[in-house]
Amino acid sequence: MSGPAADRARIRLTVAHGHLAFARHPVLVGHYEGDTFAGSEAQLDRALGFRLTERRRLGLYPGPFGSVTVVVDPAARPCGAVVVGLGQSASLSMGPLRQTLRHGLLAFAAAEEDRRRAADRPAGARQKAEPIPLGLSVLAVGTGDGGLAVANGVIALLRAAAEAQAVLTSTETAGPAAGAAVWAGFQEIEFVEVIQDRALAIWHAAAKAVETQPEFGRVFELAPRIETRPGRRRRGAPGRDNGWWLPITIRMTGESRDDRNLVFEVADGLARAETQAVPADLDLVEPLVARAIGDVDVPGAPASAGRVLFEMLLPQSLKDRSAEERNRRLILDERSARFPWELLDDRRPWIVDRDAGDQRPFAVRAGLVRQLAQARGREPVRLRHGHRALVIGDPRGLPTEGFARLPSAESEAKAVHKLLRETGFTAKVLVGDGVMPDQVCRQLFAEAWEIVHIAAHGVVNEALPGPDGAKRVVTGVVLGGGVVLGPSVLSKLPVCPSIVFVNCCHLGKVDPLAEDRARQATAAGRPEFAAGVAVELIRSGVSCVVAAGWAVDDDAAEAFALRFYKEMLDGADFGSATLAARRAAYALRPDGNTWGAYQCYGDPDFRLSDFLPPAAGATASAPSFALVDEAIEAAQQVSEEANIGLERDPSQPIGRFLDGQRKRLAAVAAEAERKGWLSDADLRFALADAHAQLGDLADAIGHYAAAVAEPNARGRVRAVEQLANLQVRQACTEARKRPIDRDVLADAVRVVAEAETRLVGLTQALGETAERLALQGGCAKRLAQLLALGPPSPREGTDVEHELRRMAELYDRAIALQRARPGPGQDHRYPQLMLCSAGLCLALRAGHPVDSEVIALLKELRGSVAPDADDFWQLIASADAALMAAMAGLDAEAASWGDIVERYHRSWRHVGSPVKLMSVSEQLEFYEDVLGAASGMAEAARAALLARLAEVRRELQDAASGMASG
């Protein structure tokens, strides 16, 4: 790079080891065509109010190379997303990755320019062009499962950033128009990575590039160390991400039967996609396919057609890895879609012990969905105006020769209709003798259906007599009287359904020859020859299609359909629902082939809108640990996630999230008990901390007590401190739940006093620390609260005022000790707030003016900015100060109280566990109890203040306990 751009400051490169929630800038991520929508993308989507989901619903989401979408929201955390298309995962390489990243960087720069212009002068351009500095956080795009090596991904990003910087900072970029953008370019690019090993790999790859390649050294300046952020992990979860579906692209090449090959491309974590070709051998394969779908053989038999097709159709690398119970996403062209991939049987008799283990076919052991390569023919139109379903079962208002009545189809349709209605759908059912062909057609176009379910006879390229008696070759659903509901009709639906389920014989089959004839016939005005219904529905924009490829068993077919809908209506994604349905059909008839008849086309992560997914951890498999360190890290991960707002789905009640986390924690403890590790004090510490963060104080106390009792416990001092803290909190919480009498208060006071005695003993043995003094101040605060609740003091020589003065003294000493022994990351504001709290309560209870020093300190704290915007206690300090200022009468307006609640909620949405938000609620209870019988306050003023405090507390308790709806 030369010229003026070379004189500009270099781009600061930083690597942050921590959770995505704590990225400093909008975050750049990548998305493969047809891939699931999970992980970092899903978290960004939640942070941005599901605006990425909305773009996906509108058909505007990136996929192909060079496509990009930008969402910037300064009020969100993170404050935006830049999503770039990565094409098909099997075709990813450094060149296209660099290009699509450059598109993303420049699109973000343009979006920022638009946003800042609008903010500066909504009605027009800027009067004076000012340099626009940019910052962007990035993930190691393209380096996940199935992607490039981390080093290659880093190099691609650096090249893209260098090229984008050259474009932005060149003198030719700004046009001659007044107010045109003058780009300062990118000031910082921040890699964010949650796993330690990957963060190290990113930093070292960037360091090597900057040090050894002059073109990078001139553009970038790498921070000398990795920054640490909350939520970081030492290592990733063992095994692969279950949310990722391995993409396998299969296409058929060659024109004549003799030279046709099946070409497989598998992206599986290699630097380059693995490509292998297998001769199609159609003369041998086609009879085997006919035998397999004819259900001639005993499934799993050594010489069954499914077994032989497994050996003949798959390349060796996929056969070797078929035992890996991985979800697979088959990306098929029209010719490769003709094969029954679901029926392939990997149970090799010389390997499999048929008397042991899970011996189901691989399509039953793990998920398998299909996608059609380049299948979209028109943009889908979808509307949101309630859930509607049309269910059609064996329409036979007019008879058709050769097609018998289908009682099972009628039964299935009625059962599906009943299930949909019970879960909130407006469902219409057309079943049996009275259903005429024109009635079916009219109903299809009468509403914008979200689900269309058909159980009836179906034909593919079969000669049937039409209404006029003349025979025609037709494909579609038999409606009676020679009328067939074909692809040409279904493709004309004005609003694309989300799900079309076609439970008819043979309609899942794709016939490429018929497809060729259909293209020719369309030109001649005869669209009736269009090939498979599934192909046409996918082309027309339907999100998910389930179609039977051959005749199915009645009971297994109904079991498949009902289980599929039950899962989808319970909030499961399409991939999980189809797997559960396949398993249900297999469990009912393992000796049949109905479980393999269903070809399921769509995105594995598709969900019906408004149907909540299962709580995190609710369906997770039991963990298996080889070392106690793994169990410790699993418990620590629960603690971290409980504190990160982005891990909580705002569309769900918080109670669902907490239930899922508790199940995860229970599974960790159960596995640890099975391995004999519960005597490990470090594990007990981790379990205790996780329970505490979830608000389960009794369980946390139990684990802390067990940890302290271990003779070889490391970190016992911290355990004693936290045990005392939680016991004090629990005692006060439990006392408030019970009818107040002298015995209840005496028990609670005893627990608090004993905890403080242990803390004093620890201080005498090891010396004072600000933390220990603050914990003792907390004991004094709780004693004041308990003494204010009720009958005469159960503890001699003390009263509320005495404990409040002692609280103030202890927190004042903690502040002095902090100042005398300054340390990194110290924040004086919490003990200062508690000092103000004690002074405020003393003044209000006595009816005296609040001390001027307390007022001055509250004003200072109210306007303070958290030195660490990722620490809950520091974030809420200004809200705590504003609350006390309102109590003191400095800001008594209703708007001020509303702003206080919003400050708490804003902090909670970003960071902080339920137990931390509960602490805020408990502080409000403290004020209510201590001021509830304050004789120095006027009755009306006291009642008004208590009502305000109770209102704020209820709002916070609702959020912390999961009572608030998502």
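Student: What makes a residue count among the 54% of the 966 residues in the protein chain that are called buried?

Tutor: In this predicted model, a residue is called buried when its relative accessible area is under 20%, and buried residues make up 54% of the 966 residues in the protein chain.

Student: Why is aspartate 394 called buried or exposed?

Tutor: Aspartate 394 has a relative accessibility of 4%, and the cut-off for buried is under 20%, so aspartate 394 counts as buried. Its place is in the loop between strand 14 and helix 11 (407–422), and its phi is positive, about 45 degrees, although aspartate 394 is not a glycine.

Student: What makes phenylalanine 50 partly exposed?

Tutor: Phenylalanine 50 has 29% relative accessibility, and partly exposed covers the values between the limits of 20% and 50%, so phenylalanine 50 counts as partly exposed. This residue lies in the loop between helix 1 (39–47) and helix 2 (51–57), and its phi, near 65 degrees, is a positive value in a residue other than glycine. Most residues other than glycine have a negative phi.

Student: How do you know that the buried residues of helix 12 are on the same side of helix 12?

Tutor: The buried residues of helix 12 (residues 437–444) are Pro437, Val440, Gln443 and Leu444. They cover an arc of only 135 degrees around the axis, which puts them on the same side of helix 12. The buried residues of helix 12 pack against several elements, including strand 14 (388–393), strand 18 (471–480) and helix 13 (487–490).

Student: Why are strand 18 and strand 19 said to pair?

Tutor: Two strands pair if there are at least two bridges between them, and strand 18 and strand 19 are joined in the antiparallel sense over 3 bridges, so they count as paired. One residue with a partner in strand 19 is valine 477, whose bridge partner there is leucine 485.

Student: What makes strand 17 and strand 19 the edge strands?

Tutor: The open sheet has 3 strands in the order 17-18-19, with antiparallel pairing. Strand 17 (458–465) and strand 19 each pair on one side only, and they are the edge strands. From one strand to the next, the twist averages 65 degrees.

Student: Which residues have the most contacts inside the largest nonpolar core?

Tutor: That core has 98 residues, and those with the most contacts inside it are Leu883, Met887 and Trp897. Leaving aside neighbours within four places in sequence, leucine 883 is in contact with residues including Trp897, Ile900 and Leu949.

Technical notes
Residues numbered from 1 in each chain as written. Predicted model: local features only at pLDDT ≥ 70, side-chain atom pairs only at ≥ 80, totals over all residues. Heavy atoms only, no water. Buried < 20%, exposed > 50% of the residue type's maximum accessible area, 1.4 Å probe, protein only. Helix = DSSP H or I, 4+ residues; strand = E, 2+ residues; numbered from the N terminus. Arc of directions from axis to C-beta. Contact = heavy atoms within 4.5 Å. Core = buried A, V, L, I, M, F, W, Y, C linked by side-chain atoms within 4.5 Å. Axes fitted to C-alpha atoms, helices over the stretch in contact; angles between N-to-C directions.
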